[in-house]
Amino acid sequence: MSFNATLPSHQPNAADLYASAGTDFTKLNWFEQQWVAWYLFIDNPVIATGLVSFLLHEAVYFGRCIPWIIIDAIPYFRKWKLQPNKVPTPGEQWECTKLVLFSHFTIEAPTIFLFQPIAEAVGMSTWQVPFPTWQLMLPQLALFFFFEDMFHYFSHQLLHTPMLYKHIHKIHHKYSAPFGLAAEYAHPAEVMILGTGTIAGPLLYCYFMRDLHIITVYVWITLRLFQAIDAHSGYDFPWSLQHIVPFWSGAEHHDFHHMAFVNNFSTSFRWWDRVLGTDDKYRAYRSRVQAAKLAGQEKGLSAQELKELEDRMVREAEEEGVRAENEVVRKAEGKKVQ
Ligand SMILES: [Zn+2]
Ligand SMILES: [Zn+2]
């Protein structure tokens, strides 16, 4: 199968690339052999990389969402739901899936196919083998996590300014109790702005260091998708990562942002919100719930009464969130805030 007929004549084919790089095929592991076979089969690096990138994104996104769809359908897990009164219906999940798929095919697919030429321009290895060692990958992944979290923190705050909120970010806030599929439910401009944070780290790193393989970028994208989907899952289990790594944000942190509309602008880590004081309302809410629960236990309230008490506090925070959102929209419309 060859796509060469439809492509510009200056595009070298894969066999020529491997020959000119002097690739030694005898020392490759199984994954590297499959990688070479894929590029030889498609015979055009732009299409080969584009297809893998798009299919990887789809497989990881929906693959990671499936366990959360199942968990939402099983009442047993409700005790760990952060907003137990708001479980997404299958209809809501399907509505969300349709918009996410539309955005994947119209916005993300063309962008992903543009990625290969940009990656090559900054010196990223794509078709090349062997793959990098995990010792080389680990610090690069840590750097991408740090960069994306910082980029997201500041651009997310910008998206909460009245005009940008009303015209762009409001779509993502449709769900005040998010679920996995809602991670990429957003305006196309938001997909581009926040996606920049994910991809600019690897591109900048590669531009300056000239030592990055696209496989490392794929590992990064996979971890980043897991992070985003899990943060929107709406569940905080005793075994969730934030209980093991205290500076990890997780669902417990981002769910509050959707529920109360304020605070917690970061993605992966808690430090920017902590250091810059944009987690004050979140922390006050957590200690309020904790104190109320303790007082309730001392008063001898039953498990049912304690649950009702917590539900009431969740509802109050949600109502405050609705008021805060209306205020931002009214500001954007230039109306006087009541
Ligand atoms: Zn937001
Ligand atoms: Zn969100």
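**Close-up views of an all-helix chain**

**View 1. Buried residues of helix α13.** In α13, the buried residues include Val314, Ala317 and Val328. This is a predicted model, so please read every view with that in mind. Helix α13 runs over residues 303-332, which makes 30 residues in the helix. From its first C-alpha to its last, α13 reaches 44 Å, close to the 44 Å expected at 1.5 Å a residue. Which helices help to cover the buried residues of α13? Among them are α6 (162-167), α10 (250-260) and α12 (280-298). Just past the helix, look for Gly334, which follows α13 and has a positive phi, near 75°.

**View 2. The whole chain, for orientation.** Here you can step back and find your bearings. The chain has 13 helices and zero strands, and read along the sequence its pattern is α-α-α-α-α-α-α-α-α-α-α-α-α. Its C-alpha trace spans about 75 × 45 × 40 Å along the principal axes. Of the 338 residues, 32% count as buried. Take the contacts between residues at least 6 apart in sequence: 68% of these join residues at least 24 apart.

**View 3. The largest nonpolar core, around Leu181 and Ala182.** This core has 33 residues, and Leu181 and Ala182 are those with the most contacts inside it. Helices α3 (45-73), α4 (90-121), α7 (188-209) and α8 (214-231) each supply at least two residues of the core. Which helix gives the most to this core? That is α8, with eight residues. Zoom in on Leu181 and you will find that it touches Cys65, Gln93, Cys96, Thr97 and Val100, leaving aside residues up to four places away in sequence.

**View 4. Another core, apart from the largest one.** This core has 10 residues and lies apart from the core of View 3. Its members include Ala260, Val262, Tyr282 and Ala317. You have met Ala317 already, as a buried residue of α13.

**View 5. Helices α4 and α7 side by side.** How do these two helices pack? The angle between α4 and α7 is about 25°, and their axes are 12 Å apart. Because angles under 35 degrees count as roughly parallel, α4 is roughly parallel to α7. On the α4 side, the contact is made by Ser103, Ile107, Glu108 and Ile118, and on the α7 side by Pro188, Val191 and Leu203. The crossing of α4 and α7 is right-handed. Both helices also appear in View 3, where α4 and α7 each supply at least two residues to the largest nonpolar core.

Notes
Residues numbered from 1 in each chain as written. Chains lettered and ligands numbered in written order. Predicted model: local features only at pLDDT ≥ 70, side-chain atom pairs only at ≥ 80, totals over all residues. Helix = DSSP H or I, 4+ residues; strand = E, 2+ residues; numbered from the N terminus. Buried ≥ 20, exposed ≤ 12 C-beta atoms within 10 Å, placed from the backbone. Contact = placed C-beta atoms within 7 Å. Core = buried A, V, L, I, M, F, W, Y, C linked by C-beta atoms within 7 Å. Expected span 1.5 Å × (residues − 1). Axes fitted to C-alpha atoms, helices over the stretch in contact; angles between N-to-C directions. Parallel < 35°, antiparallel > 145°, perpendicular 65-115°, else oblique. Left-handed = near helix turned anticlockwise from the far one by under 90°.
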